[in-house]
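Welcome! Please take a moment to look over the sequence and the model, and then we can walk through them together.

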Amino acid sequence: MNGDDVRKGVRKMQENKSRQEAFCGWYAMLGNLTEAAERAGFEKGSALSEGLKCLRSESCRKKIAQFRRILSDDGNVAAGLKRLAYLEAAFSYSFPLTDQI
């Protein structure tokens with residue numbers, strides 16, 4: 001094995017790791033193994049087996065759980081956006097536009 005082979009091997013490992021992380025994010029959002037693997041960049045023919053391989057990994061399962069916690073956020077973000085939208089609508093008639101001053 002020469003230096004080029006080592007570099008190619010390292011590159012492939014990095015690509016697989018980034019695909020695995022992308023898979024974790026897609027799986028947390030979609031809940032569909034095959035679709036998540038395809039969107040993460042795995043080939044259509046091997047998406048199911050690659051996705052299963054990712055799910056068997058403890059680090060991948062932890063990453064999926066982390067993404068799900070972020071995505072769920074107990075509705076805090078949605079509630080905050082609703083409050084902002086309400087305030088914007090409620091006060092839109094109270095303040096004059098700058099060109100009217």
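Below we go from the overall layout to a few local details.

Keep in mind as you look around that this is a predicted model. The protein's secondary structure amounts to 5 helices and 0 strands, and reading along the sequence gives the pattern α-α-α-α-α. Of the 101 residues in the protein, 16% are buried. You may also like to know how far contacts reach along the chain: among those between residues at least 6 apart in sequence, 41% join residues at least 24 apart.

Let us begin with helix α1, which covers residues 3-30. Find Phe 23 and Tyr 27 there: both belong to this helix and sit 4 residues apart, about one turn of the helix. Their rings are worth a look, as the protein has 1 aromatic pair. The ring centres of Phe 23 and Tyr 27 are 5.6 Å apart and the planes lie at 20°, so the pair counts as stacked, because planes under 30 degrees apart are classed that way. Are these two residues buried or exposed? Phe 23 has a relative accessible area of 0% and is buried. Tyr 27, at 17% relative accessibility, counts as buried too, because the cut-off for buried is under 20%.

Leu 30 is also in helix α1. With a relative accessible area of 35%, Leu 30 is partly exposed. Leaving aside residues up to four places away in sequence, Leu 30 touches Glu 35, Ala 36 and Arg 39.

Now move along to helix α3, residues 47-56, and helix α4, residues 58-72. How do these two helices pack? Their axes are 5 Å apart and meet at an angle of about 85°. That angle makes α3 roughly perpendicular to α4, because values from 65 to 115 degrees fall in that class. On the α3 side, the contact involves Cys 54, Leu 55 and Arg 56, which meet Glu 58, Cys 60, Arg 61 and Ile 64 in α4. Sorted by character, the residues of this contact are 4 nonpolar, no polar and 3 charged.

Stay with α3 for one last detail. Which of its residues are buried? In α3 these are Ala 47, Gly 51 and Cys 54. The three buried residues cover an arc of only 60° around the axis, so they lie on the same side of α3. Cys 54 thus appears twice in our tour: Cys 54 is among the buried residues of α3, and Cys 54 also takes part in the contact with α4.

Conventions: Residues numbered from 1 in each chain as written. Predicted model: local features only at pLDDT ≥ 70, side-chain atom pairs only at ≥ 80, totals over all residues. Heavy atoms only, no water. Axes fitted to C-alpha atoms, helices over the stretch in contact; angles between N-to-C directions. Parallel < 35°, antiparallel > 145°, perpendicular 65-115°, else oblique. Contact = heavy atoms within 4.5 Å. Nonpolar A, V, L, I, M, F, W, Y, C, P; charged D, E, K, R; others polar. Phe/Tyr/Trp six-rings, centres within 6.5 Å; stacked < 30°, edge-to-face > 60°. Buried < 20%, exposed > 50% of the residue type's maximum accessible area, 1.4 Å probe, protein only. Arc of directions from axis to C-beta.
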